[in-house]
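Thanks for coming. I have one structure to show today, so let me put it up.

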Amino acid sequence: MEKSELEQMRVLFRVAFFLAKSGRPFTDFPGQIKLLAVNNVPVSETYANDKQARIFTDYIYESKGVEMIKEMSESEFFAILSDGSTDTSITDEEIVYVKYIKNGGELVNIALGKTVTQSSTDNENGIAEHAVDGDKSGNWLHNSCSHTSGLANEPWWRVDLAEIHCISRVVITNRQDCCSHKIETAVVLITNTVDEVDAIQCGSAIDQYTALQATISFECDENTLGRYVTVDKTETPVVLHMCEVEVFAPMIL
């Protein structure tokens with residue numbers, strides 16, 4: 001195959017992949033090819049039809065399908081979701097989504113920017129969101145720490161991860177300008193609901209020595225699944241302040 005023909009095939013496969021990924025019908029393929037021609041991207045009109053789009057998509061499916069099946073077979077968890085759709089020809093279609101966790105995959109912080117709540121708030125500088133804003137400064141004056149009211153009983157802080165994840169580790173950035181010891185006795189709980197009935201504790205409660213550290217890591221047992229991560233204290237009255245909470249889990253593909 002000539003170099004120009006090879007480049008033409010690359011372009012056609014990219015267009016077919018774009019249509020398939022965005023859920024567009026094959027009948028959009030000729031229009032996309034004509035648009036390329038308008039932009040001086042030479043593509044033979046021989047391929048500018050929906051039949052060729054289906055052929056290209058079938059090849060992509062075979063290649064990606066084999067790759068996905070291999071990765072799913074090596075994954076410990078996967079989920080299959082289905083949904084319906086209607087294309088421009090008013091034909092009902094069933095769309096299947098697959099999510100899976102790749103073994104040995106990179107751990108990512110899934111708490112960043114997620115919805116958070118806490119039992120109380122000391123003032124506007126101590127809002128719960130400061131613990132998932134990506135700013136790991138341990139200085140209260142930098143407005144980067146959450147802080148419950150000093151008069152609260154059994155204070156807690158919670159992040160909603162939006163869906164269930166396989167959680168490997170939770171890391172708390174402690175306050176360092178003062179008062180770091182106040183996080184002593186805090187525990188990390190993983191749950192599927194907000195009522196903590198099914199709570200699984202990650203690591204141990206923070207002791208007096210660990211409470212002086214700038215960062216505190218909680219290792220979770222293998223296959224710890226949950227949607228909500230709660231940092232909890234049981235003393236009364238006492239404050240709970242943290243400058244960042246990171247929840248690490250394998251990236252879901």
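I will go through the nonpolar cores, then one threonine, then some backbone details.

Please keep in mind that this is a predicted model.

Start with the largest nonpolar core, which has 29 residues. Which of them touch the most other members? Those are Trp157, Val170, Ile183, Val188, Val229 and Val247. As for where the core comes from, β6, β7, β9 and β11, the last of these being 244-250, each supply at least two residues. The strand that gives the most is β6, with 6 residues. In soluble globular proteins, nonpolar side chains tend to be buried together.

Take valine 188 as a way into that core. Not counting neighbours within four places in sequence, valine 188 is in contact with Val170, Ile172, Ile200, Gln201, Cys202, Phe218, Val229, Thr230 and Val231. Two of the names on that list, Val170 and Val229, you heard a moment ago among the residues that touch the most other core members.

There is also a second core, separate from that one, with 13 residues. Met9, Leu19, Leu36 and Ala53 are included in it.

Now the threonine. Threonine 191 sits in strand β7. Is it buried or exposed? Threonine 191 has a relative accessible area of 1%, and because buried means under 20%, this residue counts as buried. A polar atom of its side chain lies 2.7 Å from the backbone oxygen of threonine 193. Again leaving out neighbours within four places in sequence, threonine 191 is in contact with Glu196, Asp198, Ala199, Gly226, Arg227 and Tyr228.

Next, the backbone. Two residues have a positive phi without being glycine. Cysteine 179 has a phi of about 60°, and asparagine 223 has one near 65°. Where do they lie? Cysteine 179 is in the loop between β6 (156-173) and β7 (187-191), whereas asparagine 223 is in strand β9. Cysteine 179 is partly exposed, at 22% relative accessible area. Asparagine 223 is partly exposed as well, with a value of 35%.

The last item is a peptide bond. Between threonine 236 and proline 237 the bond is cis, and omega is near -20°. Proline 237 belongs to the loop between β9 (215-232) and β10 (241-242).

To recap the strand that came up in more than one place: β9 supplies at least two residues to the largest core, holds asparagine 223, and comes before the loop with proline 237.

That is what I have. Questions are welcome.

Note on methods: Residues numbered from 1 in each chain as written. Predicted model: local features only at pLDDT ≥ 70, side-chain atom pairs only at ≥ 80, totals over all residues. Heavy atoms only, no water. Helix = DSSP H or I, 4+ residues; strand = E, 2+ residues; numbered from the N terminus. Buried < 20%, exposed > 50% of the residue type's maximum accessible area, 1.4 Å probe, protein only. Core = buried A, V, L, I, M, F, W, Y, C linked by side-chain atoms within 4.5 Å. Contact = heavy atoms within 4.5 Å. Polar contact = N/O pair within 3.5 Å; in protein donor to acceptor, adjacent residues only side chain to side chain.
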